[in-house]
Amino acid sequence: MSAPLGRGTVLLFFCIITLIWGSTWIVIRDQLGVVPAHWSVAYRFVIAAAAMAAYTRWQGSGLRLPPGAWKVAALFGFCQFCVNFNAVYLAEHHITSGLVACVFALLLIPNSLLAWAWTGHKPGRSFILSAIPAIGGIALLFVNEAQSARAPASEVVLGVGLTLLGVMGASVSNVLQTTEKARAVPLPTMLTWGMIFGAGFDAAFALVVSGPPVFDPRPGYWLGLAYLALFASALAFSLYMPIIRTIGPGRAAYSSVIVPIIAMALSTLFEGYRWTPLAAGGAVLAMAGMVWALTSRRDPEPVPIAD
């Protein structure tokens, strides 16, 4: 079982992963074209799994899983690296990356509710209070992005639905990491096998839905794929999972609240994005909720649900 992180380490890891994931939406958009989205996801996690396996062997955790952990690793890989990512990649075919990011920011809600239902970790008062401005900010960001979207209503509904499917996949995998069977496995080992299973599910799904593998000869495609696999997957999840195991899936999901704000800031620098009062107000509220959640004192130990 891994040791809990200190508050300073949590904040450092939090900053790194939000900066990385805040930049992925632009990169993912460039991945959509010659290569079907399903194959891009499969390639991403084949590379990420190989990188994680090499790191795990070098770090000394080993690749052996206890007999009871295989099902956990397979479910983790399926939900996190197959359902989640395929849904998000497909969603960006129908709505803007900014709208996808805003919808995905709702992750803190199912993370908190599933943790309560599954492990008995009831959300504490400080978390609930901090979630109010955060969700209000997400709502303003969503309205702002929806107003600027030019897609037909049917496309918006489909894109939002796919994103919500990705949110649920991510939420199940997040909460799964707080269970005893998952915590008994070293994180590098669990991540390696999760990505191996995920890559296998992704390749099988891509073969059924999109046919044989397709490759894009552009160097930009492969550079983007390497960034998504090595930094946004292998590195970012190696930092994110310890945060979940330390502060719980609810607070950890605040990374998804900040990601659209970072994405919009990067779009301002590189794509000429112009902030509106709605977007600015939403960003301020979301940031306030995140700061409140991460700097407030921990709630008392959660009370398990009675049988």
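Which side chains meet in a salt bridge at 3.1 Å, N to O? They are the side chains of Asp 216 and Arg 218, and the structure they belong to is a predicted model, which should be kept in mind throughout this briefing. The protein has 12 helices and zero strands, and buried residues make up 53% of its 307 residues. The points below begin with the whole chain, move on to the salt bridges and to a pair of crossing helices, and end with a few individual residues.

**The whole chain**

- Read from the N terminus, the elements run α-α-α-α-α-α-α-α-α-α-α-α, in keeping with a secondary structure that comes to 12 helices and no strands.
- When contacts between residues at least 6 apart in sequence are considered, 90% of them join residues that are at least 24 apart.
- The protein exposes about 13700 Å² of surface, and carbon and sulfur atoms supply 72% of that area.

**The salt bridges**

- The structure holds two salt bridges, and the residues Asp 30, Asp 216 and Arg 218 are linked in a network of such bridges.
- In one of these bridges Arg 218 is paired with Asp 30, and the closest N and O atoms of the pair are 3.5 Å apart.
- This pair links distant parts of the chain, since Arg 218 sits in the loop between α9 (187-210) and α10 (219-252), while Asp 30 belongs to helix α1 (residues 7-31), and the two are 188 residues apart.
- Arg 218 also forms a salt bridge with Asp 216, with an N to O distance of 3.1 Å.
- The three residues can also be described by their accessibility: Arg 218 is partly exposed, with a relative accessible area of 34%, and Asp 30 is partly exposed at 38%, whereas Asp 216 is buried, with a relative accessible area of 4%.

**Helices α3 and α10**

- The axes of helix α3 (residues 70-91) and helix α10 come within 15 Å of each other and cross at roughly 130°, and because of this angle α3 counts as oblique to α10.
- The crossing in which α3 passes α10 is right-handed.
- On the α3 side the contact is made by Phe 76, Gln 80, Phe 81, Phe 85 and Tyr 89, and on the α10 side by Leu 228, Phe 237 and Met 241.

**Val 72 in helix α3**

- Val 72 lies in helix α3 and is buried, with a relative accessible area of 9%.
- Apart from residues up to four places away in sequence, Val 72 touches Leu 176, Lys 181, Ala 182 and Met 190.
- Val 72 and Leu 176 are 104 residues apart in sequence, yet in space their C-alpha atoms are 7.7 Å apart.

**Gln 31 in helix α1**

- Gln 31 has its place in helix α1, and this residue is buried, with a relative accessible area of 1%.
- If neighbours within four places in sequence are left aside, Gln 31 is in contact with Ser 40, Tyr 89, Tyr 221, Gly 224, Leu 225 and Leu 228; two of these names, Tyr 89 and Leu 228, also appear in the contact between α3 and α10.

**Asn 111 and Pro 110 in helix α5**

- Asn 111 is found in helix α5 (residues 108-119), and Pro 110 is found in helix α5 as well.
- Asn 111 is buried, with a relative accessible area of 0%, and Pro 110, at 14% relative accessibility, also counts as buried because the cut-off for that class is under 20%.
- Leaving out neighbours within four places in sequence, Asn 111 is in contact with Ser 171, Asn 174, Val 175, Tyr 240, Pro 249, Gly 250 and Ala 253.
- One of these partners, Pro 249, is 138 residues away from Asn 111 in sequence, while the C-alpha atoms of the two residues are 5.5 Å apart in space.
- Pro 110 touches Ala 115, Val 167, Met 168 and Ser 171, again not counting residues up to four places away in sequence.
- The C-alpha atoms of Pro 110 and Ala 170 are separated by 9.4 Å, although these residues are 60 residues apart along the chain.

Note on methods
Residues numbered from 1 in each chain as written. Predicted model: local features only at pLDDT ≥ 70, side-chain atom pairs only at ≥ 80, totals over all residues. Heavy atoms only, no water. Helix = DSSP H or I, 4+ residues; strand = E, 2+ residues; numbered from the N terminus. Buried < 20%, exposed > 50% of the residue type's maximum accessible area, 1.4 Å probe, protein only. Contact = heavy atoms within 4.5 Å. Areas by Shrake-Rupley, 256 points an atom, 1.4 Å probe, with all protein chains shown as cover. Salt bridge = Lys/Arg side-chain N within 4 Å of Asp/Glu carboxyl O. Axes fitted to C-alpha atoms, helices over the stretch in contact; angles between N-to-C directions. Parallel < 35°, antiparallel > 145°, perpendicular 65-115°, else oblique. Left-handed = near helix turned anticlockwise from the far one by under 90°.
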